[in-house]
Amino acid sequence: MFSPMTTALSEATYSREERLDSLSVHLVNPSDNSFGTAVITPRWLFVLAAATPRVANDPILVDESLEQIVPETIQAGDIVGISVHTGNALRGYEVGRMARSRGAWVVYGGIHATLFPEEALDRGQAHAVVTGDGDIAWGKAVVDCMAGKPERIYEGGRIGGSEFLAARWDLMNPEKYMWASVQTIRGCPKHCSFCSVWRTDGQKPRQRRFQSVVDEIVALRRLGFRFIALADDNFYPVTFTDLRQAREQGNAARLEELTAIRADRFHLMEELAKLPKDMVFYTQMTMEAGEDVEFLDAMKKANIKGALVGIEAVTPEGLKAVYKDWNLSGDAMATQLQTFKEHGVHVLGSFIFGLPTDRPSTFDFTVAMAQKAGVTFAQFVMMTPFPGTVDFGRWEKEQAENPTMVGDVPITRYWLIPTAVRPKMFTPHPTMSSDEIRERTQKVWDTFYNWGDIWKRSACCPNITSRIAFMFLSKLYRQMYAGTGISTDSARRKKSKAWARWTARQCKKLFQAKPMPELASRAWAPELLPQIDQAAFAGGDGAELAGPFIVISRKQ
Ligand code: B12
Ligand code: SF4
């Protein structure tokens, strides 16, 4: 598909070489809310920067969670890559339409565009959509846009772990982020009903080579980052049950595969343990890791000090409802979570409210369990049917005959409803109203994050400065993520946003470390370097337009 304005302009005014030299590639992380400072770097932005072909100039990165894009920066003929997840799709489409009206090539990617490519082409006026992983496919899309012939869909698929690109941290403004994000593994073997990860990223864990992970962390520590979120789907991909089942089935190949994945996790952690001692990592994993104290001890040594653990529900019925009945419940759950803390790994417990099995008593019971389990942080999210999940499929089917409409949008496309009129809950609960669930959820956030309890929890910090940091962070977390608190009337929203901005600035100072420009890179054996980097290296500067392998990579 051609953009007539671009083609006319570029062919009339420039030679091909001049055009290639003057065009800019923009990568935009859309957001309605700009805070000036962000908690975690949106990793895709810096990975796609690395995937941008050498034939183009360095991309211009725009993170709208910091500042909104300035339309005048986009010129006819430029290429604009936009990432959309469900929550920011509407803003993403607005940015895309704006870019296209200025004569740019518009390409979407990210989880939502992967699930709804036609929507991005239609509502977002895309020239092209990249589905799945962008590490390789983005390079091809850019080259095709430069040639004026983008395809409608590029299937990025699921690339191998050794092909994951290292991010271009040299293009980040370190002043703007509290934590950086580095991915070590993609995919999750589970199949929780509310989660799309196992469907989009697959159930087969794809581990990145640890050398590449460590190199990125060294680059970040040089810049002054010592707090790093490991943006993983599930850091504990092989459980004792998986190993036992493979053994019982006499499946030697499976057992070997699982053992190798597990060994690789330990290898990574050994390498992380050799990094400067002041590093703090944080990841996401299942509660099952509480069974494996050897793993928890390795995490502690590796400075992985915390993990988001999907607890979801505290009753057996609730867990069954979300296909997570392999999680423990009640007192056994509390004990399992305490094991994390005993072995030096703090838990950010994630709970869901609004499950059909929830009753008014569930709210108090949940917060009491969170306190009993000794979780250091907690989040209480409202049940949301995200596309690509089992829950979404079921709901869509129920709605098919007689769809509920909000204006002219069916509720099963809720992300297209303007935020001001978008309902806060989409699936009706059998016994409680949405307002009741929201109010009770809000109360739970307030109870968990009251100053007294935060102060008690801050006892895990070694000194007064870090206790203060802990208290600020707890309040910031509550303010930014307790959705029901931020989204009521506009006056409250404004006040809440101003408060969050101020707190974010204070927290940024607390997280900043003295840059270590002298920190040396590790010398890895050449055969252990990621394959893709070798391909780029071998290709050298002249090998840009041939094929994705040669096009994409830039040696860090
Ligand atoms: C780390 C993470 C977080 C972190 C950090 C977020 C951040 N600032 O980066 C935290 C904990 C803060 C977080 C919060 C939330 N998250 Co989250 N998160 C993740 C996770 C595990 C990894 C994301 C990541 O960095 N991956 C690494 C990068 C490199 O991969 P990627 O983003 O997929 O990008 C690749 C491709 O998608 C593609 N691509 C992406 N963008 C583009 C753009 C273009 C132009 C192209 C060509 C290609 C392309 O190429 C990239 C490289 O291969 C994902 C799970 C997942 N598998 O995606 C969930 C996930 C994205 N999160 C999810 C959700 C629901 C949330 C929350 C709403 C949770 C909540 N209830 O509060 C919040 C929302 C925060 C927000 N406003 O963005 C859902 C999104 C579902 C959906 N349909 O939108 C996911 C998929 C998890 C799930 N359970 O389903 N999250
Ligand atoms: S919620 Fe967590 S454990 Fe469940 S499928 Fe998603 S990533 Fe895996």
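## Briefing on a predicted model: the parallel sheet and its surroundings

N29 stands opposite D63, a residue of strand β3. This pair belongs to a predicted model, in which strand β1 (residues 25-29) runs parallel to β3 and is joined to it by four bridges. The protein chain as a whole contains 23 helices and 17 strands, and of its 556 residues 56% are buried. Among contacts in the chain with a separation of 6 or more, 76% are between residues 24 or more positions apart.

**The open sheet**

- Strands β1 and β3 are part of an open sheet of six strands, whose order is β3-β1-β4-β5-β6-β7 and whose pairing is parallel.
- The edges of this sheet are formed by β3 (60-63) and β7 (153-155), each of which pairs on one side only.
- From one strand to the next, the twist of the sheet averages 20°.
- As a general point, the strands of a sheet pair through backbone hydrogen bonds, in either a parallel or an antiparallel arrangement.

**Helices packed on the sheet**

- Helix α4 (residues 89-101) packs on the sheet and touches β1, β4 (79-83) and β5 (105-109), with its direction at about 160° to that of β5.
- Helix α7 (residues 134-146) also packs on the sheet, where it touches β1, β4, β5, β6 (128-131) and β7, and its direction makes about 150° with that of β4.

**Strand β6 and its neighbours**

- On one side, β6 runs parallel to β5, to which it is joined by two bridges, and within this pairing Y108 has V129 of β6 as its bridge partner.
- On the other side in the strand order, β6 pairs with β7 in the parallel sense over three bridges, and here the bridge partner of V130 is Y154 of β7.
- The chain passes from β6 through α7 to β7, and the β-α-β crossover made in this way is left-handed.
- Which residues of β6 are buried on its two faces? A128 and V130 are buried on one side, while V129 and T131 are buried on the other, so that both faces of the strand are covered.
- In general, the side chains of a regular strand alternate between the two faces of the sheet.

**An enclosed helix, α3**

- Helix α3 (residues 43-51) is largely enclosed by the rest of the structure, because eight of its nine residues are buried.
- The buried residues of α3 are R43, L45, F46, V47, L48, A49, A50 and A51.

**Q207 and its contacts**

- Q207 lies in strand β10 (residues 206-207), and its relative accessibility of 15% places it among the buried residues, because the cut-off for that class is under 20%.
- A polar atom of the Q207 side chain lies 3.1 Å from the backbone oxygen of I261, and the side chain of Q207 also makes a polar contact with the side chain of R265, at 2.7 Å.
- Leaving aside residues up to four places away in sequence, Q207 touches G161, S162, T184, I185, I261, D264 and R265, so I261 and R265 appear both in this list and in the polar pairs described above.

**Positive phi angles outside glycine**

- Q125 is a residue other than glycine with a positive phi, near 50°; Q125 sits in the loop between α6 (117-122) and β6 and is partly exposed, at 34% relative accessibility.
- Y323, likewise not a glycine, has a positive phi near 60°; Y323 is found in the loop between α13 (316-321) and α14 (330-342) and counts as partly exposed, at 32% relative accessibility.

**Cysteines**

- The structure holds zero disulfides.
- Why is C460 in no disulfide? The nearest cysteine sulfur, that of C461, is 4.1 Å away, and a disulfide requires two cysteine sulfur atoms within 2.5 Å, so this pair does not qualify.
- Is C460 buried or partly exposed? C460 counts as partly exposed, at 34% relative accessibility, whereas C188 is buried, with a relative accessible area of 11%.

How values were computed
Residues numbered from 1 in each chain as written. Chains lettered and ligands numbered in written order. Predicted model: local features only at pLDDT ≥ 70, side-chain atom pairs only at ≥ 80, totals over all residues. Heavy atoms only, no water. Buried < 20%, exposed > 50% of the residue type's maximum accessible area, 1.4 Å probe, protein only. Pairing = 2+ DSSP bridges. Axes fitted to C-alpha atoms, helices over the stretch in contact; angles between N-to-C directions. Contact = heavy atoms within 4.5 Å. Right-handed = clockwise from strand over helix to strand, strands pointing away. Polar contact = N/O pair within 3.5 Å; in protein donor to acceptor, adjacent residues only side chain to side chain.
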